[in-house]
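Thank you all for coming. I would like to walk through one model this morning, beginning with its charged pairs and then turning to its helices and a few single positions.

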Amino acid sequence: MLHRSTTWVGTTAREIARAVRRGDTSATEVVADHLDSIRAYDRIVGAFRQVRAGEAIAEAEIVDDQPELRNLSLAGVPIAVKENIAVTGLPTWNGSAAARGPVAERDHEVVRRLRGAGAIVTGVTRMPELGLWALTDDADGITRNPWRTDRTPGGSSGGSAAAVAAGLVPIAHGNDGLGSIRIPAACCGLVGLKPGRGVVPAGIGANDWHGLAENGILATTVGDASLGFSVIAGRTPEALRTPGKLRIAVSSRSPAAGVFPDAGARKGLSDAGRLLLGLGHDAVRADPAYPPALAAKVLATWFAGAAADAADLDVPRLQPRTRRHAALGERALRRGLVKPADRDEWRERCRNWFLHGGYDVLVTPALASAPPRALRWSERSWSANMLVNTRYAPYSAPWNFAGFPAIVIPVGVRADGLPAAVQFVGPPGSELLLLALAGQVEQAAPWRRHAPGWPRVAARR
């Protein structure tokens with residue numbers, strides 16, 4: 001028989017936490033609802049590597065017994081964690097059995113902060129091997145986009161994005177070394193925030209891809225993204241203020257030579273520009289000066305990050321595309337092609353571009369084209385993976401290299417039925433400004449919070 005007719009699946013993190021703090025529901029009830037939904041429907045999207053059903057219920061009961069429940073900003077909120085940071089009692093999978101690390105004896109600092117705010121970790125989400133690709137699959141299965149299951153949810157935080165877009169959790173952790181939060185957010189119609197360098201504890205892999213990788217948040221609303229960010233950044237949650245008039249640079253120029261935005265990406269950017277003008281901002285066409293050598297420097301650092309992460313692994317067991325990537329990284333390191341000075345120079349160049357142009361924010365397309373098909377990309381060649389990644393997702397990487405904060409938000413739906421999205425970039429320290437601007441856009445032009453047909457509510461028996 002049915003347990004009841006209502007469910008918390010599909011509710012925002014803010015609404016859940018408020019209800020738990022008030023006693024309108026319990027953390028145990030909320031988590032049980034979401035675990036039922038995961039159990040019934042994750043077989044369709046393949047978002048989770050491992051679900052912590054019993055552990056999550058036990059931890060929810062502990063939250064319900066907290067005497068200071070009213071002080072927990074994420075009280076009872078189910079959350080998913082990307083499988084490349086430590087969750088106590090689970091292996092750190094890193095995208096495949098070949099890359100799996102030992103069972104963690106303690107939580108990563110970001111997980112510790114989320115739990116400390118009352119969040120309940122329901123499980124860890126799938127990613128491509130070593131987080132190298134904007135596509136999520138491995139020998140165990142293909143993670144699928146809830147908007148269209150024949151398409152990828154992106155990567156490398158693809159499992160986290162799929163889980164949120166399907167309503168399996170209201171909010172998820174991800175991390176981003178060259179776009180691995182923002183690309184899945186764009187593919188799945190979500191808000192995806194990559195903080196600037198050093199704002200949130202990193203500790204991702206061997207060396208954070210030489211400082212490119214940051215931990216961040218995927219959510220369906222700006223309010224939830226802001227709440228999650230405040231927790232992982234160790235800040236007191238605060239209401240976002242409506243920004244004053246901003247000078248906003250709008251650019252469709254691709255950082256990758258020979259790659260151009262398609263009609264859907266151009267329309268999304270144009271719609272965003274008109275919306276920003278309508279909100280009273282000064283939006284002007286202006287392109288960052290991407291130097292010809294930037295791409296080679298970014299690639300060398302990406303390769304070198306793979307080499308560092310693969311150094312202590314049984315390399316012959318890794319996927320061929322991963323082995324090729326790591327071998328190129330070793331070669332780049334031997335030749336001295338990975339230099340902190342290059343990242344510092346690009347960061348300063350970007351800072352000066354914002355300053356001298358008087359720009360508060362840069363707006364670009366989030367993707368150059370629609371998400372690729374959901375296939376066994378892990379079995380395809382390194383060249384095939386490089387080509388598809390570069391062609392559809394070139395816009396995010398420069399801002400990891402600069403260490404600048406960036407956020408992706410939805411801006412409607414493309415003609416092919418998939419989400420349209422744009423990226424906001426700001427100078428160091430502008431996370432709250434980017435969130436405030438995103439919130440202003442959301443209020444003026446609300447987007448669909450979940451993929452069509454989701455969430456699907458499982459009857460609890």
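Which residue forms a salt bridge with Glu83, and how far apart are the closest N and O atoms? The partner is Arg49, and the closest N and O atoms are 2.7 Å apart, where a salt bridge is taken as a side-chain nitrogen of Lys or Arg within 4 Å of a carboxyl oxygen of Asp or Glu.

Before going further, I should say that this is a predicted model, in which local features need pLDDT of at least 70 and side-chain atom pairs count only at pLDDT 80 or more, while totals for chains, interfaces and linings use all residues. Residues are numbered from 1 along each chain as its sequence is written, and side-chain values use heavy atoms, with hydrogens and water left out.

Back to the charged pairs, of which the structure holds 22 that qualify as salt bridges. Glu83 sits in the loop between strand S2 (78-82) and helix H4 (109-116), and Arg49 belongs to strand S1 (residues 48-51), so this pair ties together parts that are 34 residues apart in sequence. The helices and strands I name are DSSP runs, numbered from the N terminus, with helices being H or I of at least four residues and strands being E of at least two. Glu83 has a relative accessibility of 1% and counts as buried, and Arg49, at 11%, counts as buried too; buried here means under 20% relative accessible area, exposed means over 50%, and partly exposed is in between, with a 1.4 Å probe and protein chains only.

A second bridge joins the side chains of Arg126 and Asp138, at 3.8 Å from N to O. Arg126 lies in the loop between strand S3 (120-125) and strand S4 (137-138), with Asp138 in strand S4, so the two tie together parts that are 12 residues apart in sequence. Arg126 is buried at 14% relative accessible area, and Asp138 is buried at 3%.

The third bridge I would pick out is between Arg414 and Asp262, whose closest N and O atoms are 2.9 Å apart. Since Arg414 is in the loop between strand S12 (406-413) and strand S13 (419-425), and Asp262 in the loop between strand S9 (247-250) and helix H9 (263-278), this pair ties together parts that are 152 residues apart in sequence. Arg414 is buried, with a relative accessible area of 15%, whereas Asp262, at 22%, counts as partly exposed. Returning to the earlier pairs, salt bridges that share partners join Arg49, Glu83, Arg126, Asp138 and Asp140 into one network.

Now to helix H15, which covers residues 431-444. At 1.5 Å a residue, its 14 residues should span 20 Å, and the end C-alpha atoms are indeed 20 Å apart, the expected span being 1.5 Å times one less than the number of residues. This helix is mostly covered, with 10 of its 14 residues buried, among them Glu431, Leu434, Gln440 and Glu442.

Finally, some single positions. Arg22 is found in helix H1 (residues 13-22) and is exposed, with a relative accessible area of 60%. Pro184, by contrast, is placed in helix H6 (residues 182-188) and counts as buried at 0% relative accessibility. Val425, in strand S13, is likewise buried at 0%, and its C-alpha atom is 4.3 Å from that of Ala406, although the two residues are 19 apart in sequence.
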